[in-house]
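Trainee: I would like to go through one part of this model closely rather than skim all of it. Please start with how far it can be trusted, then work through that part residue by residue.

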Amino acid sequence: MQNTAWARIVAGAEGPKRRGTAVGWATMMVVGVAYRLLPMMLPARMPTGRSMFAGALLLEAGVLGLFASLLAQSRWAIACGGLVVAGLVVFAGHVVRMVR
């Protein structure tokens, strides 16, 4: 049973699982904590509206797409990484607005 296709898929997923977990969990935690703590430390309001939803959606879609593309060894990994970067740019824009 060790040479089944499923065993090869699971064995090949170890690297993407680790990367996806590191990027997804750690990044989402940092962004979420920063959204809560920065307004407390700075004299600013927590951002609201569709741009927060867009940033979270970009990050999550990028992480899920990155995991799937690395698992399938496709060329979409760069595009999905771009989604993660776009989500972080939205977050950075919120931080800049909080600091002003």
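What pLDDT does the protein chain average, and what percentage of the residues score at least 70? After that, please look closely at helix 4: which of its residues are buried, and which residues are in contact with Met98 and with His94, leaving aside neighbours within four places in sequence?

Mentor: This is a predicted model. The protein chain averages a pLDDT of 80, and 77% of the residues score at least 70. Among the elements of the chain, helix 4 has the highest mean pLDDT, at 90, whereas helix 1 (residues 5–12) has the lowest, at 58. Where pLDDT is low, the predicted coordinates should not be read in detail.

First, the setting. The protein chain contains 4 helices and 0 strands, in the order α-α-α-α from the N terminus. Of its 100 residues, 24% count as buried. The chain exposes about 7100 Å², with carbon and sulfur atoms supplying 70% of that area. Among contacts with a separation of 6 or more, 69% come from residues 24 or more positions apart.

Now helix 4 itself, which covers residues 77–99. Its length can be checked against its residue count. At 1.5 Å a residue, the 23 residues of helix 4 should span 33 Å, and the end C-alpha atoms are 33 Å apart, so the two values agree. Helix 3 (residues 50–72) can be put through the same check: with 23 residues, it reaches 32 Å from its first C-alpha to its last, close to the 33 Å expected.

The buried residues of helix 4 are Ala77, Cys80, Val84, Gly87, Phe91, His94 and Met98. Ala79, also in helix 4, is a counterexample. At 39% relative accessibility it is above the 20% limit for buried but not over 50%, so Ala79 counts as partly exposed. The C-alpha atoms of Ala79 and Gly65 are 8.6 Å apart, with their positions 14 residues apart in sequence. Gly65 belongs to the buried residues of helix 3, which also include Gly55, Leu59, Gly62, Val63, Leu66 and Ser69.

Ser69 shows where helix 3 meets the beginning of helix 4. This residue lies in helix 3 and has 4% relative accessibility, so it counts as buried. Not counting residues up to four places away in sequence, Ser69 touches Ser74, Trp76, Ala77 and Cys80. Of these, Ala77 and Cys80 are in the buried set of helix 4. The side chain of Ser69 also reaches the backbone oxygen of Leu66, at 3.1 Å.

The loop between helix 3 and helix 4 holds Gln73. With a relative accessibility of 72%, Gln73 is over the 50% limit and therefore counts as exposed. Its phi is positive, at about 55°, just after helix 3. Most residues other than glycine have a negative phi. Gln73 departs from that pattern, with a positive value in a residue other than glycine.

Further along helix 4, Phe91 takes part in the 1 aromatic pair of the structure. Its partner is Tyr35, and the pair is edge-to-face, with 5.2 Å between the centres and 85° between the planes. An angle over 60 degrees is what puts a pair in that class. The pair links distant parts of the chain, since Tyr35 sits in helix 2 (residues 14–41) and Phe91 in helix 4, 56 residues apart. Both Tyr35 and Phe91 are buried.

Tyr35 comes up again with the next two residues. His94, in helix 4, has a relative accessible area of 2% and is therefore buried. Leaving aside neighbours within four places in sequence, His94 is in contact with Tyr35, Pro47, Ser51 and Met52.

Met98 is also in helix 4, and at 4% relative accessibility it is under the 20% limit, so it counts as buried. With the same neighbours set aside, Met98 is in contact with Tyr35, Leu38, Pro39, Leu42, Ala44, Arg45 and Pro47. Both contact lists, for His94 and for Met98, include Tyr35 and Pro47. The C-alpha atoms of Met98 and Pro43 are separated by 8.0 Å, although these residues are 55 apart along the chain.

Technical notes. Residues are numbered from 1 along each chain as its sequence is written. Side-chain values use heavy atoms; hydrogens and water are left out. Rings of Phe, Tyr and Trp (its six-membered ring) pair if their centres lie within 6.5 Å; planes under 30 degrees apart count as stacked, over 60 as edge-to-face and the rest as tilted. Buried means under 20% relative accessible area, exposed over 50%, partly exposed in between (1.4 Å probe, protein chains only). Contact means heavy atoms within 4.5 Å. Accessible areas come from the Shrake-Rupley method with a 1.4 Å probe; for residues, only the protein chains shown count as cover. A polar contact is a pair of N or O atoms within 3.5 Å; within protein, one must be able to donate a hydrogen and the other to accept it, and residues adjacent in sequence count only if both atoms are side-chain atoms. pLDDT is the predictor's confidence in each residue, from 0 to 100. The expected span of a helix is 1.5 Å times one less than its number of residues.
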